[in-house]
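Work through these exercises with the structure in view. Try each task before reading its solution.

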Amino acid sequence: MKVQIGIIGLGKFGLKLGKTLVDLGHEVLGVETKPEKVKKAQHVLTQVYQINTMSREALEQIRIQDLQHVLVSVGDSIAASVMISMYLKELGVAKVWVKAIHQDHEKLLHKIGVDEVVIPEFMAAKQIASRIAMPGFLDYLPFDESMAVKEFTIKEWEGKTLLELNLTNTFGIQVIAVRRNGDKRYQYIPKANEIFREGDNFVAIGQISQLDRVVP
């Protein structure tokens with residue numbers, strides 16, 4: 001489903017995020033104060049406005065409140081991110097996400113009622129650490145960090161089917177995709193009666209503690 005998303009602040013993080021969303025098929029409206037950043041984003045995002053992002057009236061005039069989702073990414077200015085976020089909530093933006101620079105900044109943003117706070121450096125460090133410590137780790141789930149997605153390679157379970165393994169009842173995990181040995185693409189929502197071969201991979205979702213118990 002195509003989603004209209006706004007990004008206020010088109011520095012490295014904001015522009016990269018916007019490009020990724022456009023590549024995924026979404027419409028992205030960029031908002032920036034500096035003309036050089038606006039010029040750079042014009043050929044990347046769906047639409048770009050150059051306005052005073054600290055002005056509630058300017059944000060209202062471009063109908064920012066009509067967007068389903070807005071992310072604020074205004075560099076290291078805590079005051080600017082808090083003020084803009086407050087304006088967005090006052091204008092009735094459905095979902096307001098904000099990039100923070102540290103945990104105190106995050107606490108302040110939560111106090112004014114933003115929906116989600118992102119600290120890119122923390123996220124990157126946690127992802128890297130998890131991939132080192134938990135081989136096969138793919139990602140955490142955004143709504144519950146005790147849940148994760150992990151990839152496994154078949155060895156001991158060769159010749160078994162998902163029906164026989166009964167992983168949901170045995171481990172409390174759910175298999176969401178299978179990649180056959182030698183294939184590059186995954187098969188999603190795999191059939192319960194397909195037989196695993198050594199070297200096949202499967203992706204499962206579940207509690208991290210439960211995923212760590214699985215030795216396929």
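**Exercise 1. State the accessible surface of the protein chain and the share of carbon and sulfur atoms in it.**

Step 1. This is a predicted model. Its protein chain has an accessible surface of about 12,600 Å².
Step 2. Carbon and sulfur atoms account for 54% of that surface.
Step 3. Turn to burial: 42% of the 216 residues in the protein chain count as buried.

**Exercise 2. Describe the helices, strands and contacts of the protein chain.**

Step 1. Count the elements: the protein chain has nine helices and 11 strands.
Step 2. Take the contacts between residues at least 6 apart in sequence; 54% of them join residues at least 24 apart.

**Exercise 3. Find where N166 lies, and decide whether N166 is buried, partly exposed or exposed.**

Step 1. Locate N166: it sits in the loop between helix 7 (162-165) and helix 8 (167-171).
Step 2. Check its backbone. N166 is not a glycine, yet its phi is positive, about 50°.
Step 3. Set that against the general pattern: most residues other than glycine have a negative phi.
Step 4. Read the accessibility. N166 has 35% relative accessibility, so it counts as partly exposed.

**Exercise 4. Do the same for I189: where does it lie, and is it buried or exposed?**

Step 1. Locate I189: it belongs to the loop between strand 10 (187-188) and strand 11 (201-207).
Step 2. Check phi. For I189 the value is positive, near 50°, and the residue is not a glycine.
Step 3. Apply the cut-off: exposed means over 50% relative accessible area. I189 has 74%, so it is exposed.

Technical notes. Residues numbered from 1 in each chain as written. Predicted model: local features only at pLDDT ≥ 70, side-chain atom pairs only at ≥ 80, totals over all residues. Heavy atoms only, no water. Helix = DSSP H or I, 4+ residues; strand = E, 2+ residues; numbered from the N terminus. Buried < 20%, exposed > 50% of the residue type's maximum accessible area, 1.4 Å probe, protein only. Contact = heavy atoms within 4.5 Å. Areas by Shrake-Rupley, 256 points an atom, 1.4 Å probe, with all protein chains shown as cover.
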